[in-house]
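Here are some short exercises for you to work through with the structure in view. Try each task before reading its solution.

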Amino acid sequence: MQIRFTKMQGAGNDFVVLDETQGRLGLSTAQYRFLADRHFGVGADQILTVRPPSTDAAAEGIDFEYVIHNADGGEVEQCGNGARCFARFVHDKGLSGKDTIRVQTKGGVIAPRLTPDGRVTVDMGRPQFTPAQVPFDATGLSAVEQGLGQKWPLALDSKALTATILIAVVSMGNPHAVQLVDDVDTAPVLETGPQIENHVRFPQRVNAGFLQIVDRTHVRLRVFERGVGETLACGTGACAAVAAGIRLGLLDNEAHVDTRGGRLTIAWSGADTDSVFMTGPATTVFEGQIDIPDTLV
């Protein structure tokens with residue numbers, strides 16, 4: 001099967017974008033993995049698919065459905081950097097003339113908006129901190145209270161490390177575990193990231209964030225993403241990290257997040273009823289077509 005694709009990136013988080021507005025491609029999990037493979041396929045952290053909304057969603061003002069598959073082929077709820085690329089894609093392809101679109105994701109409705117400076121701002125929805133909503137199994141654990149937030153003890157145990165770390169758990173439509181570190185450059189991201197991602201207390205696995213506070217308006221962040229590994233940037237991870245930092249009393253209501261792929265700006269009032277807003281770049285890298293084997297395992 002031969003398909004057309006667009007390669008995009010947002011702060012170094014890279015994507016293969018597929019247009020299914022005229023019909024479904026019907027790709028399998030293995031075929032998504034093939035597309036994401038950096039040796040045999042196109043190469044990407046995630047595969048993003050643009051689909052028309054359902055009839056009911058369209059009646060409620062939804063413009064598109066946004067489907068996200070990680071590099072391991074699994075479908076996930078949300079991808080913030082991808083949302084910006086999604087908005088840039090539908091605008092550049094003439095699929096929508098709106099500056100702001102409403103998009104249905106598995107994790108809820110988001111509203112990306114193209115800004116005059118070429119960046120994209122996304123209403124990422126409200127952060128959730130209740131463990132059951134993340135989901136995080138807090139059975140038998142006692143939280144450490146800080147500011148208006150909580151840090152939960154998480155026991156890690158492997159040949160490389162036996163320790164208990166403290167994490168803030170946040171859902172941005174997908175699950176995040178954020179821990180404070182002194183220096184992201186020396187943080188054990190590759191060592192402990194997989195342990196956190198697959199910890200038994202996260203039944204849907206989790207994105208592991210390593211957050212360094214520079215000052216009240218500036219942080220540095222690395223994220224070991226669920227089903228992907230460490231990426232150059234993670235939009236929902238940046239939102240979760242800043243929301244956690246605000247909740248813990250460490251950050252003001254707007255902060256710049258420096259990732260290894262670039263800078264994102266995250267704003268949140270701190271009110272449970274208000275959305276988190278993320279602003280950052282979205283760039284088309286190239287377009288092409290690829291033959292995908294019909295049979296893959």
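**Exercise 1.** Leaving aside neighbours within four places in sequence, find the residues that Y66 is in contact with.

*Solution.* Start with the ground rules: this is a predicted model, where local features need pLDDT of at least 70 and side-chain atom pairs count only at pLDDT 80 or more, while totals for chains, interfaces and linings use all residues. Residues are numbered from 1 along each chain as its sequence is written, and side-chain values use heavy atoms, with hydrogens and water left out. Next, recall that contact means heavy atoms within 4.5 Å. With neighbours within four places set aside, Y66 touches L48, T49, Q78, C79, G82, A83, F86, V103, Q104, T105, K106 and I110.

**Exercise 2.** Work out which residues have the most contacts inside the largest nonpolar core, and which helix gives the most to this core.

*Solution.* First, the terms. A nonpolar core is a set of buried Ala, Val, Leu, Ile, Met, Phe, Trp, Tyr and Cys residues joined through side-chain atoms within 4.5 Å. Buried means under 20% relative accessible area, exposed over 50%, and partly exposed in between (1.4 Å probe, protein chains only). The largest core holds 52 residues, and Y66, F86 and I266 have the most contacts inside it. Helix α5 (residues 235–247) gives the most, with eight residues. Helices (H or I, at least four residues) and strands (E, at least two) are DSSP runs, numbered from the N terminus. A second, separate core of 20 residues includes A138, A187, I196 and V206.

**Exercise 3.** Check the span of α5, then decide whether this helix is largely enclosed or not.

*Solution.* The expected span of a helix is 1.5 Å times one less than its number of residues. For the 13 residues of α5 that gives 18 Å, and the end C-alpha atoms are 18 Å apart, which agrees. Now look at burial: 12 of the 13 residues are buried, so α5 is largely enclosed by the rest of the structure. Among them are G235, C239 and I246. Just after α5, G249 takes a positive phi of about 85°.

**Exercise 4.** Find the strands that pair with β18 (residues 277–280).

*Solution.* Two strands pair if DSSP finds at least two bridges between them. Strand β8 (residues 120–123) runs antiparallel to β18 and is joined to it by four bridges; here V122 has M278 as its bridge partner. Strand β17 (residues 262–267) also pairs with β18 in the antiparallel sense, over three bridges, and A267 stands opposite F277.
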